[in-house]
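Trainee: Could you take me through one part of this model in detail? I would like to see how a helix sits among its neighbours.

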Amino acid sequence: MGFYKVNFLPMWLAALGLALIQPLSAVQILQASELPPNPQVSHVIHVSIDGLTASMLQDQLANDTTGRYAAFQRLVDEGASTFNARTDYDTTVTLPNHIGMLTARPLWQAEGVSDKHHHGFPHNALPEGDRMTLHNSGNEAAGYIYSVFDVVHDNGMSTALYASKDRFDIFDISYNETFGRGDSTGEDNGRDKIDYYANTNASLSAQPLHTIVMAELPQYHPNYTFIHYADPDYVGHVHAFGSDEYFDAVADVNGYLADLMRLIETDPVFRNNTVLIVASDHGGTDFKGHGDQTMPINYTVPLFVWGKDVAVNADLYDLNPTNRQDPGAERPPFDIDVVQPLRNGETGTLALDLLGLPSIPWSFMTNAMNVADFGYEGSTLKELFLPLVLLGR
Ligand SMILES: [Zn+2]
Ligand SMILES: [Zn+2]
């Protein structure tokens, strides 16, 4: 343990030593503030694939001779990605991780941070009645728990949530005209933060949900869309994660992604103005579960970013040399002294940054990861960057 703990002094000494050996001009040291700005787009489609296990998908892609996972391969070849992102530190179940993606908060209080920045909602079931919210059933010290939907909607843009498990009703209730917070940003866009909501609670396949998505997106063009596809998780619980049936479900999701990518490329509103983010809430085991948050197979998740001006065929850790650290096989905690891995819980913050909006008030994962190309040709990023600067961008 502890190799991801940043040891400031030896790094400074190493850098200093390098500077003494060769002229500084030979090594270009970029400050965090010199990272290129992220692409700015009018639309973000934020997808979560429930139970998409990083190592299983990676193995399938390595042996995919028939193009069964061609959309995933395009995300790797044409976008910025990693197969080594992390879930929430304390949980590898569905709802708390999705709350993380949509609020940029960890489940529990992080080391060295006040008690106002975690969501504190560990439940993973259908909300009881129509008055249970993240605000009244989560972290009491937080008061109102803002979401991506708040920031986008309060800034006059439109939002949509499409989910395939009924427990996602907690979002529709938490951000409706009764429980959503009043809009104090510019023009009053109202308390109901989610403009379009559909939930199919599919038994095995999210195809009915995807049908709704493909009918509504070209009609409404929400500026921010969150889509939850549950197929691999449902099938993983019945047949085991990594079973033939599980991979059939992953291939089905590949089809959904292909449809979304085609829509982004052909729709006159989405074309050249959209970024697609694909995340996962947790992995899963061959014994049909994923509840143990200490198991690498559960806490290791893939992350893909694809679309306008996103770096091509890039590793997300290479694009974030100063503010994120590849954790290897470890499970770094939310600790302000630890350089964080890329996490599923920071994808909402990325969505806001791409839309030109500020991060979520009182959230924890507030510094958007970089997804832009550095634009240096003929040099590897590792040569250009020394691990000198540890500021968030
Ligand atoms: Zn899940
Ligand atoms: Zn599950």
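Mentor: Happily! Let's look at helix 3, beginning with its partner helix: Ala-70, Ala-71, Phe-72 and Arg-74 in helix 3 meet Asn-254, Leu-257, Ala-258 and Met-261 in helix 10. Sorted by type, the residues of this contact are six nonpolar, one polar and one charged. Keep in mind that the model is a predicted one.

How do two packed helices get described? By the angle between their axes and the distance between the axes. Here, the axes of helix 3 and helix 10 come within 7 Å, and they cross at roughly 55 degrees. Angles from 65 to 115 degrees would count as roughly perpendicular and those under 35 as roughly parallel, so helix 3 and helix 10 are oblique to each other.

Now turn to the sheet. Its eight strands run in the order 4-3-5-1-6-7-2-8, forming an open sheet with mixed pairing. Strand 4 (196-199) and strand 8 (314-315) are at the edges with a single partner strand each, so each has one side without a neighbour in the sheet. Helix 3, residues 70-78, packs on this sheet and touches strand 2 (80-86), strand 6 and strand 7 (300-307). The direction of helix 3 makes about 70 degrees with that of strand 7.

Strand 6 (residues 274-279) pairs with strand 1 (residues 43-49) in the parallel sense, over six bridges. One of the bridge partnerships joins His-43 to Thr-274 in strand 6.

Finally, look at the loop between helix 10 (244-266) and strand 6, where you will find Val-269. Val-269 counts as partly exposed because it has 15 C-beta neighbours inside 10 Å. Although 227 residues separate Val-269 and Ser-42 in sequence, they are 9.0 Å apart in space, C-alpha to C-alpha.

Terms used:
Residues are numbered from 1 along each chain as its sequence is written. Chains are lettered from A and ligands numbered from 1 in the order in which they are written. This is a predicted model: local features need pLDDT of at least 70, side-chain atom pairs count only at pLDDT 80 or more; totals for chains, interfaces and linings use all residues. Two strands pair if DSSP finds at least two bridges between them. Helices (H or I, at least four residues) and strands (E, at least two) are DSSP runs, numbered from the N terminus. Two residues are in contact if their C-beta atoms, placed from the backbone, lie within 7 Å. Axes are lines fitted to C-alpha atoms, for helices over the stretch in contact, and angles run from 0 to 180 degrees between N-to-C directions. A residue is buried if 20 or more other C-beta atoms lie within 10 Å of its own, exposed if 12 or fewer, and partly exposed in between; C-beta atoms are placed from the backbone. Angles under 35 degrees count as roughly parallel, over 145 as roughly antiparallel, 65 to 115 as roughly perpendicular and the rest as oblique. Ala, Val, Leu, Ile, Met, Phe, Trp, Tyr, Cys and Pro count as nonpolar, Asp, Glu, Lys and Arg as charged, and the others, Gly among them, as polar.
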